[in-house]
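Here is a small set of exercises to work through at your own pace. Keep the viewer open, try each task yourself, and then compare your steps with the solution.

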Amino acid sequence: MPPKSDSVEGIVLNFVNQERVLRHMKEMMISRTEQNRPLNSQNVADALQKFSLKKTAVQKGLDALADSGQISFKEYGKQKIYLARQDQFDIPNGEELEEMKKANSKLQEELAEQKKITSEVESEIKGLQSNLTLDEIRSKEARLQSEVQEMEEKLKKLQSGVILVKPEDKKIIEETFSEKTNQWRKRKRMFKELWDNITENSPKDQKEFKEELGLEYDEDVDVNFQPYSEMLASLNKRRKVSR
């Protein structure tokens, strides 16, 4: 009479028989000549830790199953090796195994197709999640309408001939810009001439020397003189034309 499935002997027997089936199927797929690895009590105890079974209880269960003929065992000195009884399993022959391989291959293809479909669905979901909600769209629309209204009001003022900047203020701004830009260019030139004279025969690396002195070029602080120079040239050109 087989032991209850929730008893120590039932749990051990179920593991030994399942281990036999799994190992056989794996070996049949790889090589028909390989032999199953037998189990000792430590192997079984390690595998059944989730059931909180101690090695002593597992050993007793294995011995009881062996004594009742439900599993096989062999002794090697003091070591006992346990195996599932071979006569209780319906082992597939070569033709059946070939059919199983074909079925497995078909299942693998179906699995790959399902993974592809799942990936496409997940990609579509991510795309939908990145879209704005209705409330967000309404909020953005209101903000853009407000900006458009402000820009239209400015445009109307310009079209009506309203002077937003007084001529005298504009002249002061242009003159100040021209003066500061020219000073900037002049000082850059003066510095370059002075620096070239200092470092001409210096054995020091110019970059290291500059860092040692705590000097910073415009580029070191993300400032480019070229756009300002072009603006000044454009301003001077407009002044010549207006004269």
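The exercises below go from the overall layout to the hairpin, the salt bridges and the surface patches.

This is a predicted model, in which local features need pLDDT of at least 70 and side-chain atom pairs count only at pLDDT 80 or more, while totals for chains, interfaces and linings use all residues. Residues are numbered from 1 along each chain as its sequence is written, and side-chain values use heavy atoms, with hydrogens and water left out.

**Exercise 1. Layout**

Find how many helices and strands the chain has, and in what order they come.

Solution. Step one is to count: there are eight helices and two strands. Here helices (H or I, at least four residues) and strands (E, at least two) are DSSP runs, numbered from the N terminus. Step two is to read the order from the N terminus, which is α-α-α-β-β-α-α-α-α-α. Step three turns to burial: 19% of the 243 residues count as buried. Buried means under 20% relative accessible area, exposed over 50%, and partly exposed in between, with a 1.4 Å probe and protein chains only.

**Exercise 2. The hairpin**

Work out in which sense β1 and β2 pair, and over how many bridges.

Solution. Start with the ranges: β1 covers residues 71-76 and β2 covers residues 79-84. The two strands are antiparallel, with six bridges; pairing requires that DSSP finds at least two bridges between them. Next, look at Tyr 76, whose bridge partner in β2 is Gln 79. Finally, inspect the turn: two residues separate the strands, and Gly 77 has a positive phi near 70 degrees.

**Exercise 3. Salt bridges**

Explain which parts of the chain are tied together by the salt bridge of Asp 63 and Lys 80, then examine two other pairs.

Solution. The whole structure holds five salt bridges, each being a side-chain nitrogen of Lys or Arg within 4 Å of a carboxyl oxygen of Asp or Glu.

- Asp 63 and Lys 80 have their closest N and O atoms 3.5 Å apart. Asp 63 lies in helix α3 (residues 55-67) and Lys 80 in strand β2, so the pair ties together parts that are 17 residues apart in sequence. Asp 63 is partly exposed at 23% relative accessibility, and Lys 80 is partly exposed at 28%.
- Lys 210 and Asp 220 meet at 3.0 Å, N to O. Because Lys 210 belongs to helix α7 (residues 206-213) and Asp 220 to the loop between α7 and α8 (225-242), this pair ties together parts ten residues apart in sequence. Lys 210 is buried at 11% relative accessibility, whereas Asp 220 is partly exposed at 42%.
- Lys 204 and Glu 212 have a closest N and O distance of 3.2 Å. Lys 204 is partly exposed at 44%, and Glu 212 is exposed at 56%.

**Exercise 4. Surface patches**

Identify which residues form the negative patch and which form the nonpolar one.

Solution. First, the rule: patch residues have over 30% relative accessible area and no salt bridge, with like charges joined within 9 Å and nonpolar side chains (Val, Leu, Ile, Met, Phe, Trp, Tyr) within 5 Å. Second, the negative patch consists of Glu 95, Glu 96, Glu 98 and Glu 99. Glu 95 sits in helix α4 (residues 94-130) and is exposed at 65% relative accessible area. Third, Leu 158, Leu 164, Val 165 and Ile 173 make up the nonpolar patch, with about 400 Å² of accessible area together, computed by the Shrake-Rupley method with a 1.4 Å probe. Ile 173 is in helix α6 (residues 167-199) and is exposed at 54%.

Terms used:
Lys and Arg count as positive and Asp and Glu as negative; His and the chain ends are not counted. The place of a charge is taken as NZ of Lys, CZ of Arg, CG of Asp or CD of Glu.
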